[in-house]
Protein chains: 2
Amino acid sequence: MKFEAVTIKDIAKALGLSTSTVSRALRDSYEISPETKEKVLQYARETNYRPNPIALSLKEKRSSSIGVLVSEIANSFFSQVINGIESVAQERGYNVVIAQSKESYEREVSALNYLASRSVDGIILSVSAETYDFSAISNLYNKGMAMVGFDRIAETLQMHKVIVNNKRGAYDATSQLIKNGFKNIACIASSSYLSISKERIQGYIDALQENNIKVNDELIAYCAHGGMLYDEVEVAMKKLMSSTKKPDAIIACSDKITTNAMRYCKKEKIAIPEKLGLIGFSNLDLTELLSPSLSVVRQPAGDMGKKAAELLLSMIESKRAVTEFQTVVLPAEIHERESSIK
Amino acid sequence: MKFEAVTIKDIAKALGLSTSTVSRALRDSYEISPETKEKVLQYARETNYRPNPIALSLKEKRSSSIGVLVSEIANSFFSQVINGIESVAQERGYNVVIAQSKESYEREVSALNYLASRSVDGIILSVSAETYDFSAISNLYNKGMAMVGFDRIAETLQMHKVIVNNKRGAYDATSQLIKNGFKNIACIASSSYLSISKERIQGYIDALQENNIKVNDELIAYCAHGGMLYDEVEVAMKKLMSSTKKPDAIIACSDKITTNAMRYCKKEKIAIPEKLGLIGFSNLDLTELLSPSLSVVRQPAGDMGKKAAELLLSMIESKRAVTEFQTVVLPAEIHERESSIK
DNA sequence: ATCATTCCCGGTATCGATTGCGTAAAAAAT
DNA sequence: ATTTTTTACGCAATCGATACCGGGAATGAT
């Protein structure tokens, strides 16, 4: 048995009316007599009639759905963002279609094409760690697809963006390590291509310079896959820990990097914070239960998702082309716990 | 500017052919001459033609999309399940539409109607903690909507189901606490309505009885919202800790309950495992970094999602009605760490 | 040269809902 | 009683793609 919904045609046939009359009755048109309206409405209620959204989409050339492209759903930050997006979308009658890039440029491009070919009305995306060529995105964008970027954004593209104050977050985190007596602070970032990496590293550098600490390139490491793989974080940690001036603290620039760095320390029995201070960007909601409790820079992920969805829907629903682009910058929260206090 | 894709009509007009010819050429019909085919295919490639899935959906009466209904996306277990579902769906040309119940029966029903009205071809769902009336689900199911349940299933409904061996998982976890010398073991479960609660409690009881420990109802607590709210877990913990025979260990039956119980202990300075042993169901991927490292029963969430998606797609794509229903039971993994070892 | 067959392709209905236009019947105006 | 207006509804096109049916032209057969 196949799921078959009641159509306007069924109602028309049952009541001996034409489909146009039924349609107009349902939309409460003045051209329909009160008695006919009542009959139609009652029958529609009884049969639990719902307009077929696919037929509507075809007619209206819009699908009332938005695509979300992230590197990985099973990542607390992204799932919190999706949570925010979904709440706004649901409220406004849109559904959310999700796709993952798994930090692969290739998968990102195919996911974009997939979403476009699935006729979503707009796309909210955070680029993969491998992405430095934004032409696939800009092509789609230039064809008129509504798009909003968040977190990892394509800097060169003119579009609405939702980010946190990454530089400030990293600056505050680094300053805090300095204030707590750490002298030789290293930084592990995601892929060097990413906007967030650049901004966070800049915040780190600014804090060092403001405290008259020389910036040492040897103490900056990158993870090409955004820390998704434990191994790349281990490599980065090994490199840092074997540098000529061994660091006494680390600022980690993403969720996965932070936790994988912690894993490495546990494995190598490096005491945190005694031997190595640690603070990292993270949206896990139990960092205070870690051992030691973890100091984090937290992004307001839910709010970011909500804001991105609102921007996208306003673009989709605006009559004329959008020419002014907003970059919404939300504040990052710092939670100082044990891991960054000597 | 609105996103406008190339249609079959555009191709027909450009090449001076009819839409039917173009359609057939694209589908490589024998009725079309090789020259015409080549012209059409080339033009389609140049213009990056993609068939409009909405038009196809309307014609074929299927949308090539599946709905997923979970209580909360931002929950590691569910996001891992969705991850698995998405990987299978993507591969088979389906997209995934997500909806959340937030543990509310009302939201669950409206989300179900929403998904059905959005013309998904099938639904994968895990019921909310509030749900004990499965009529909304069975109504939809009886109308012919393909559905697969996972984790929290509707026991009375005849449908494909994917679960873990909950009884065994809880049995093993409890046995382990007993083996480690805990004498007075309490259990905190989700809502008493849920299949998983019943099964896990049964596993707990079986383990106690097998070890000749009297089951004490005072030591079984429930969380109506599945532990989603910290407060309900705190209430449960307080109740347990003030019972006549104060427990020396706890088995927690969901992700949120486990971590919130740990939060409570931290807040109340109850030493784990010295004062209170703890083991819980959880799919967080950093439980080994917690303080103390947390003993968990872990569900193979990704595999559950994959299996559920495969079952659903086979249902959707099968010609005839499905009459034999599978219940796939995957093993739960036990990870013994510090929190359950005295 | 005439008829039949094959090859290629176009016309049109269909899916469900909306909407501009046309129109019969009833009501109102003259 | 005739004309005009209003009421209340149906017809048909539309959105994009597919598929059944039908038909013109070229080829082959007789």
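**Figure 1. Surroundings of DNA strand D in the predicted model.** In this predicted model, a phosphate oxygen of DNA strand D lies 3.0 Å from a polar side-chain atom of Ser23(B). Chain A supplies further phosphate contacts to DNA strand D: a polar side-chain atom of Thr36(A) is placed 2.6 Å from a phosphate oxygen, and one of Lys61(A) is placed 2.5 Å from a phosphate oxygen. Two or more residues of the surface near DNA strand D come from each of α2 and α4 of chain A and from each of α1 (8–15), α2 and α4 of chain B. In total, 27 residues surround this DNA strand, and the closest are Ser18(A), Thr21(A), Thr36(A), Lys61(A) and Ile8(B). By residue class, this surface divides into eight nonpolar, ten polar and nine charged residues. On the DNA side, sugar or phosphate accounts for 60% of the atoms of DNA strand D within 4 Å of the protein, and bases supply the rest.

**Figure 2. Surroundings of DNA strand C.** DNA strand C is surrounded by 27 residues, of which Ile8(A), Thr21(B), Glu31(B), Thr36(B) and Lys61(B) are the closest. Of the atoms of DNA strand C that come within 4 Å of the protein, 59% belong to sugar and phosphate. The side chain of Lys9(A) places an N or O atom 3.0 Å from a phosphate oxygen of DNA strand C, and the side chain of Tyr49(A) places one 2.9 Å from a phosphate oxygen of this strand. A base is also approached: a base nitrogen of DNA strand C is 3.3 Å from a backbone N or O atom of Ala55(A). The elements contributing two or more residues to the surface near DNA strand C are α1 (8–15), α2 (19–26) and α4 (53–60) of chain A, together with α2 (19–26) and α4 (53–60) of chain B. The residues of this surface comprise eight nonpolar, ten polar and nine charged ones.

**Figure 3. The twelve-stranded sheet built from chains A and B.** Twelve strands make up an open sheet of mixed pairing, in the order β11(A)-β5(A)-β4(A)-β3(A)-β1(A)-β2(A)-β2(B)-β1(B)-β3(B)-β4(B)-β5(B)-β11(B). The edges are occupied by β11 (327–330) of chain A and β11 (327–330) of chain B; each has a single partner strand, so one side of each is left without a neighbour in the sheet. From one strand to the next, the twist averages 20°. Within chain A, strand β4 (residues 146–150) and strand β5 (residues 160–164) run parallel and are joined by three bridges. In this pairing, Phe150(A) stands opposite Val162(A) of β5(A). Helix α6 (residues 105–117) of chain A lies across β1 (65–70), β2 (95–100), β3 (122–125) and β4 of chain A, and also across β2 (95–100) of chain B. The direction of helix α6 of chain A is at about 175° to β1(A).

**Figure 4. The six-stranded sheet of chain B.** In chain B, six strands form an open sheet with mixed pairing, in the order β7-β6-β8-β9-β10-β12. Strands β7 (220–222) and β12 (333–335) of chain B stand at the edges with a single partner strand each, so one side of each lacks a neighbour in the sheet. Neighbouring strands of this sheet are turned against each other by 15° on average, direction ignored. Helix α9 (residues 195–210) of chain B packs on the sheet and touches β6 (185–189), β7, β8 (249–252) and β9 of chain B. The direction of helix α9 makes about 175° with that of β6(B).

**Figure 5. Pairing of strand β10 of chain B with its neighbours.** Strand β9 (residues 277–281) and strand β10 (residues 295–298) of chain B run parallel, with three bridges between them. Across this pairing, Phe281(B) stands opposite Val297(B), and Ile279(B) stands opposite Ser295(B). Strands β10(B) and β12(B) pair in the antiparallel sense, also over three bridges. There, Arg298(B) stands opposite Glu333(B) of β12(B).

**Figure 6. Domains of chain A.** The domain assignment divides chain A into domain 1 (8–51), domain 2 (63–164 + 301–331) and domain 3 (166–298 + 334–340). The centres of domain 2 and domain 3 of chain A, taken over C-alpha atoms, are separated by 28 Å. Between these domains of chain A, 21 residues of domain 2 are in contact with 18 residues of domain 3.

Note on methods. Residues are numbered from 1 along each chain as its sequence is written. Chains are lettered from A and ligands numbered from 1 in the order in which they are written. This is a predicted model: local features need pLDDT of at least 70, side-chain atom pairs count only at pLDDT 80 or more; totals for chains, interfaces and linings use all residues. Side-chain values use heavy atoms; hydrogens and water are left out. Two strands pair if DSSP finds at least two bridges between them. Helices (H or I, at least four residues) and strands (E, at least two) are DSSP runs, numbered from the N terminus. Axes are lines fitted to C-alpha atoms, for helices over the stretch in contact, and angles run from 0 to 180 degrees between N-to-C directions. Contact means heavy atoms within 4.5 Å. A residue is near a molecule or strand if one of its heavy atoms lies within 4 Å of it. A polar contact is a pair of N or O atoms within 3.5 Å; within protein, one must be able to donate a hydrogen and the other to accept it, and residues adjacent in sequence count only if both atoms are side-chain atoms. Ala, Val, Leu, Ile, Met, Phe, Trp, Tyr, Cys and Pro count as nonpolar, Asp, Glu, Lys and Arg as charged, and the others, Gly among them, as polar. Domain bounds come from an automatic or database domain assignment.
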